[in-house]
Amino acid sequence: MTLPVVIWYGLFCYLPLFGVFFAFKDFTPKPGQPLFKNLFFNSPWVGLRNFSYLFRNPQCRSIIFNTLFYNIIFLVAGIVIPVALAALLNEVHSKGFSGFVQMILVLPYFLSWVIVGYCAYGFLATDHGQINSILRVFGHMPIQWYQSPQYWRFILILTGIWKTCGYSLIIYLCAITAIDRTMYEAAVIDGAGFLKMTRYITIPLLKPTIATIFILSIGSLLNSDFGLFYQVPMDSGAIQEITQTLDVYVYKALMQQANFSYSSAAAFLQSAVGCILLIISNIMIKKLDPDSAML
């Protein structure tokens, strides 16, 4: 039963590792020449030059800031909001209503970012968008959303949380259902309300799950959801300063400039920093609470 998973990881996670060599070479694709031969024998070794060029790029500072800014907010909101929703749903005694709410919240997670991007466009389009139609009804001028960068931090954060919080909600709700119900019953007998039960029972017993999610999220702090930052803003150049993250930058360097070495250096930097942060966060949590650490 594990064979398909092993094959998948081998093909898509371990086989592409040879691409790390692109980051340390000056690679130029040559028609009619095998990729491996061109990479290993005909491309000069340049060491850390591609990384140096990356950090000297004037856009690098804003790109890294955007990536960290959004991921830190998603890290905090991706824990606080699902835990709060899971605690509230745990108090709902109607299984039908609870299941309906879970279905509504989880549904966006299974939508493609392409679909989400065009749904957002339906709301934000200048001429026929729903929001601008409402603004016209109240006598306001329509807003050119895809030309106005000041709105997009809020739009991206709201869209990202809307799409992913349902999946995290299910994880925390499953962890809550595993808690011994007699603890809640005893708390009710002692006069504890919802807030006190959440503070003294739910959250302490959710610490291992929260710690695991936190560690995995820290490991991807320099990685962003490509679909959110490329498809939803429709790759508008006017708002690029606000919406461009490292993943989008790597994609554009590869597809628009065909710069394999440069894009590989940026991607390798993401993975290396993510691995270091994951190890550090796991060590810190292990010192604070050994039972909540991953290893």
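Accessible area here comes from the Shrake-Rupley method with a 1.4 Å probe.

**Figure 1. The whole chain is built from helices.** In this predicted model, the accessible surface of the chain comes to about 17,500 Å², and 70% of that belongs to carbon and sulfur atoms. Look along the chain and you will find 14 helices and zero strands. The C-alpha trace spans about 75 × 60 × 35 Å along its principal axes. Of the 295 residues in the chain, 38% are buried. Among contacts with a separation of 6 or more, 66% are between residues 24 or more positions apart.

**Figure 2. The largest nonpolar core holds 24 residues.** Those with the most contacts inside this core are Tyr70, Phe74, Trp152, Leu156, Leu228, Phe229 and Val232. Which elements give two or more residues to the core? They are helix H4 (60-90), helix H6 (113-124), helix H8 (152-177) and helix H11 (226-230). H8 provides the largest share, six residues. Apart from this core lies another one, of 18 residues, including Ile179, Tyr184, Ala187 and Ile201. As a general background, nonpolar side chains in soluble globular proteins tend to be buried together.

**Figure 3. A close look at phenylalanine 229 and its contacts.** Leaving aside residues up to four places away in sequence, what does phenylalanine 229 touch? Its partners are Tyr70, Phe74, Leu156, Ser224, Thr243, Thr245 and Val248. Tyr70, Phe74 and Leu156 also appear, with Phe229 itself, among the core residues with the most contacts.

**Figure 4. Helix H10 bends at lysine 207.** This helix covers residues 194-219, and the bend is about 50 degrees. A proline, proline 208, follows within four residues. Now find the buried residues of H10, among them Met197, Ile201, Leu206, Ile210, Ile215 and Gly219. The buried residues of H10 pack against H4, H8, helix H9 (181-189) and helix H14 (260-288). Ile201 of H10 is also one of the residues in the 18-residue core.

**Figure 5. Two neighbours with a positive phi in the loop between H11 and H12.** Most residues other than glycine have a negative phi. Methionine 234 is not a glycine, yet it has a positive phi of about 60 degrees. Aspartate 235, also not a glycine, has a positive phi of about 55 degrees. Methionine 234 sits in the loop between H11 and helix H12 (240-243), and aspartate 235 is found in the loop between H11 and H12. Methionine 234 counts as partly exposed because its relative accessibility is 29%.

**Figure 6. Aspartate 235 and lysine 252 form a salt bridge.** The closest N and O atoms of the two residues are 2.8 Å apart. The count for this model comes to one salt bridge. The pair links distant parts of the chain, 17 residues apart: aspartate 235 lies in the loop between H11 and H12, and lysine 252 lies in helix H13 (residues 246-255). Are these partners buried or exposed? Aspartate 235 is partly exposed, because its relative accessibility is 29%, whereas lysine 252 is buried, with a relative accessible area of 9%.

**Figure 7. A nonpolar patch on the surface.** The residues forming this patch include Leu3, Val5, Ile7, Trp8, Phe12, Tyr14 and Leu17. The patch has about 1,200 Å² of accessible area together. Tyrosine 14 is a good residue to find here: it belongs to helix H1 (residues 3-14). Is tyrosine 14 buried or exposed? Its relative accessibility is 58%, so tyrosine 14 counts as exposed.

How values were computed. Residues are numbered from 1 along each chain as its sequence is written. This is a predicted model: local features need pLDDT of at least 70, side-chain atom pairs count only at pLDDT 80 or more; totals for chains, interfaces and linings use all residues. Side-chain values use heavy atoms; hydrogens and water are left out. A nonpolar core is a set of buried Ala, Val, Leu, Ile, Met, Phe, Trp, Tyr and Cys residues joined through side-chain atoms within 4.5 Å. Buried means under 20% relative accessible area, exposed over 50%, partly exposed in between (1.4 Å probe, protein chains only). Contact means heavy atoms within 4.5 Å. Patches are made of residues with over 30% relative accessible area and no salt bridge: like charges are joined within 9 Å, nonpolar side chains (Val, Leu, Ile, Met, Phe, Trp, Tyr) within 5 Å. A salt bridge is a side-chain nitrogen of Lys or Arg within 4 Å of a carboxyl oxygen of Asp or Glu. The bend at a residue is the angle between axes fitted to the seven residues ending there and the seven starting there.
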